[in-house]
Amino acid sequence: MRGMDDARTTPDGSMLPKYVRFARSLALVSGATIGLGIAVGSTVFTTEGCMSCTGVCGDYYKEPDASADHSANPDAEDAGEDGAPDAGIGGGPLPAPPLPEAWLA
Amino acid sequence: MSGASPPDDGAWLSGALSETRLADEFRRIEAAFEPARNPSTPFDPKMHAPEVVEKARAWWLAVMRTEYESESTFVEMAIQLRAINEPLDVQAVTLRMAQDELRHAAIAARVVSALGGEARIRPSPARRAAAHADCAPTESALRSIIFGCCLSETVNAARLTKGYGETTDPFIKEAFRLLLTDERLHAQFGFYFLENKRTWLDAHPEVRRNLARYLRFAFASLERYMGAVPVGAQPLTDAERAIGLPDLTELSRTFQETVVNACIPGLENFGIDAAQAWRERGIDPPPKDAP
């Protein structure tokens, strides 16, 4: 069963889950995007970000890369003794990994 | 961008606030900081099967651990910002976010206790920021903030929002809400910081190019950690979803949907070619870059 937050609504036939819409509003809260919202007069930005997105931001929803093989996590054995990986809900910021030697030519 | 810009060489500190939205956050901390609140609705174990409560208990214990362990990432980020003397409000908000992680650990601990568990963890040693020997301190700080906030915390905020929407247990839902209140800032901080550095980035186009190149590796690295489905993951039952357990079979989809539709357009707003970096992501350098 899909959860209620998987509801997808867009005006142009594409679909965007609510949780992605929220994340997008956080990422696009910069001045440039607010300017766009004001220009079209249809997007309301709050201190929480865009909470009434109508899809005016343009390039709106992109499907995940279906060809990518992410069927198994090679690091699953590092998930912790409780069996719950760090990667689900409740994680914090991750430290930026440095580029490996092969990238430093 | 308005307000004072830090000097490019990072050797001086201005007493002026940045006068971005981060300055507003700073003033809110000064005026209205409040300690972690307890979820106001008591947990009712009769609403759930015992085995589901047990799974939730184990999950929130893991949340307590990861929240606690992630505090040092923000501390290290604050040290990086101190090294280049970013404005006082930027540094203070970064330290507030470190404090948030400790508050989140306390919230998770209360959930574990309410579910009948013992809120005790054995944390890993504090994470230290790895040196980025191939770039200067400002670019290194940008890498940390983009990876930590614009990417990983934005995905975390999306998943928390999803969990909040799907959970029907009022006690767990309130706990999600408390976490999400701060995670919003943790994600947005990265984009606010980029806004603060926009003028500096305009003057350093080579850093934009370097960041885009770094993102090729960063996306692939993060995807292995946050965007891969664990071996043996099973879809949730309705009862598990109701108590707020995450669906581990959806990790790849939620990661990709959030990165492609939120993180990448957010970074592209600042002239960083994140879309191409995503298309060319890889743990190994592309052939044309190989030594």
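Which residues of α1(A) are buried? They are Tyr19(A), Val20(A), Arg21(A), Phe22(A), Ala23(A), Arg24(A), Ser25(A), Leu26(A) and Ala27(A). The model is a predicted one. Helix α1 of chain A spans residues 18-27, and 9 of its 10 residues are buried, so the helix is largely enclosed by the rest of the structure.

Take the whole of chain A next. Chain A has 2 helices and 2 strands. From the N terminus, their order is α-α-β-β. Of its 105 residues, 33% are buried. Among contacts in chain A with a separation of 6 or more, 39% join residues 24 or more positions apart.

Confidence matters when reading this chain. The average pLDDT of chain A is 55, and 29% of its residues score at least 70. Two stretches of chain A deserve a separate look. Over residues 66-85 the pLDDT is below 50, yet the model gives this stretch 30 contacts beyond near neighbours in sequence. Residues 1-13 also stay under 50 in pLDDT, and the model has 28 contacts for them beyond four places in sequence.

Chain B is built from helices. It has 10 helices and 0 strands. Along the sequence the pattern reads α-α-α-α-α-α-α-α-α-α. Chain B has 291 residues, and 54% of them count as buried. Of its contacts with a separation of 6 or more, 78% are between residues 24 or more positions apart.

Start in chain B with helix α2, residues 50-83. This helix has 34 residues. From first C-alpha to last it reaches 51 Å, close to the 50 Å expected at 1.5 Å a residue. How many residues of α2(B) are buried? The count is 25 of the 34, so α2(B) is largely enclosed by the rest of the structure.

Now turn to the nonpolar core. The largest one has 93 residues. Those with the most contacts inside it are Ala23(A), Trp60(B), Met64(B), Ala108(B) and Ala218(B). Ala23(A) is also one of the buried residues of α1(A). In soluble globular proteins, nonpolar side chains tend to be buried together. What does Trp60(B) contact, leaving aside its neighbours within four places in sequence? Its partners are Ala108(B), Val111(B), Val112(B) and Leu115(B). Ala108(B) thus appears twice, as a partner of Trp60(B) and among the core residues with the most contacts.

Go on to the end of α2(B). The helix is followed by Asn85(B). Asn85(B) lies in the loop between α2 and α3 of chain B. Its phi is near 50°, a positive value in a residue other than glycine. Most residues other than glycine have a negative phi. Is Asn85(B) buried or partly exposed? Asn85(B) has 17 other C-beta atoms within 10 Å, so it is partly exposed; the cut-off for a buried residue is 20 or more.

Beyond this loop comes helix α3 of chain B, residues 88-114, which holds Arg96(B). Arg96(B) has 21 other C-beta atoms within 10 Å, so this residue is buried. How many residues separate Arg96(B) and Glu25(B) in sequence? They are 71 residues apart in sequence, and 9.8 Å apart in space from C-alpha to C-alpha.

Methods
Residues are numbered from 1 along each chain as its sequence is written. Chains are lettered from A and ligands numbered from 1 in the order in which they are written. This is a predicted model: local features need pLDDT of at least 70, side-chain atom pairs count only at pLDDT 80 or more; totals for chains, interfaces and linings use all residues. A residue is buried if 20 or more other C-beta atoms lie within 10 Å of its own, exposed if 12 or fewer, and partly exposed in between; C-beta atoms are placed from the backbone. Helices (H or I, at least four residues) and strands (E, at least two) are DSSP runs, numbered from the N terminus. Two residues are in contact if their C-beta atoms, placed from the backbone, lie within 7 Å. The expected span of a helix is 1.5 Å times one less than its number of residues. A nonpolar core is a set of buried Ala, Val, Leu, Ile, Met, Phe, Trp, Tyr and Cys residues joined through C-beta atoms within 7 Å. pLDDT is the predictor's confidence in each residue, from 0 to 100.
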